[in-house]
Amino acid sequence: MKIFIDTANLEEIKQARDFGILDGVTTNPTLLAREGKPPLKQLEEICRIVDGPVSAEVIALQSDEMVKEARDLSKIADNIVIKIPLTLEGLKAVKILEGEGIKTNVTLCFSAMQALLVGKAGASYISPFVGRLDDISDDGMRLIEDIITIYDNYGFDTEIIVASIRHPMHVYWAAKLGADIATIPFKTISQLIKHPLTDIGIDRFLKDWQSLQDNLG
Ligand code: G3P
């Protein structure tokens, strides 16, 4: 499973890259707004830090405007992927952009039937939001399972990015179900490595090593 980081924060991206496990980055208008910097410059910086795909979202809602905005965004760097909202206008834009060789990531997916249409439109990626479904007492990971089954049934090439991840169990289920990608906030990436028995084990090994040194004089 590929791991993307879901942030527009340069420090977090650099740290995750240095962990050696980072395959790409996803941003959205909220994440860019949080950084308070000019968004195009910020995206440019992000593309300098990582070689993998970097998703940048269009603001337009009409397909012709989305396409225009996407063409401009794609000039930032070769690894830019255009995030498109999951609407009929969005699907039209996906068809045009993928035809031009511009990769798209269709975002704000909340149902399997939306995902079916995205697969048929030929998007490179789809982003189902699991955390936001859980927030309304639905089951985000069941949606991932459904999309994997449907895409397998028909051989769609669209890669599934599990998005709106809130905690390590979302990542666990994404990997267990065989999702292509999980895009994870920095805090959750850091939580994945932690286990109290690892810390206790290191502590014990160091103490035993030290007592051996002491006994040997
Ligand atoms: O990848 C989508 C993500 O940024 C949305 O996450 O936590 O705002 O639902 P959240």
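Strand 1 and strand 2 (residues 24-26) run parallel and are joined by three bridges. In this predicted model, the pairing brings Ile5 of strand 1 together with Val25, its bridge partner in strand 2. A second parallel pairing involves strand 8 (residues 181-184), which is connected to strand 1 by four bridges. Here Ile5 stands opposite Ile184. Ile5 thus has a partner in strand 2, namely Val25, as well as one in strand 8, namely Ile184. As a general matter, the side chains of a regular strand alternate between the two faces of the sheet.

The surroundings of strand 1 can be described through its burial. Strand 1 covers residues 2-6, and because four of these five residues are buried, the strand is largely enclosed by the rest of the structure.

From the strands the description passes to helix 6, which comprises residues 112-121 and has Ala112, Ala115, Val118, Gly119 and Ala121 as its buried residues. These buried residues pack against two helices and two strands: helix 5 (88-99) and helix 8 (140-154), together with strand 5 (104-109) and strand 6 (125-128). Just after helix 6 comes Gly122, whose phi is positive, at about 85°.

The cysteines may be considered next. Cys109 has a relative accessible area of 0% and is therefore buried. Cys47 has a relative accessibility of 11%, so this residue also counts as buried, the threshold being under 20%. A disulfide is a covalent bond between the sulfur atoms of two cysteines. With a cut-off of 2.5 Å between cysteine sulfur atoms, the count of disulfides is zero.

These local features belong to a chain with 11 helices and eight strands. Its C-alpha trace spans about 80 × 40 × 30 Å along the principal axes. Of the 217 residues in the chain, 46% are buried. Among contacts with a separation of 6 or more, 56% are between residues 24 or more positions apart.

The outer surface and the charges complete the account. The accessible surface of the chain amounts to about 11,700 Å², and carbon and sulfur atoms contribute 55% of this area. The chain carries 32 negative and 23 positive side chains, and a distance of 2 Å separates the centres of the two sets.

Notes:
Residues numbered from 1 in each chain as written. Predicted model: local features only at pLDDT ≥ 70, side-chain atom pairs only at ≥ 80, totals over all residues. Heavy atoms only, no water. Buried < 20%, exposed > 50% of the residue type's maximum accessible area, 1.4 Å probe, protein only. Contact = heavy atoms within 4.5 Å. Areas by Shrake-Rupley, 256 points an atom, 1.4 Å probe, with all protein chains shown as cover. Lys, Arg positive; Asp, Glu negative; His and termini not counted. Charge placed at Lys NZ, Arg CZ, Asp CG, Glu CD. Pairing = 2+ DSSP bridges.
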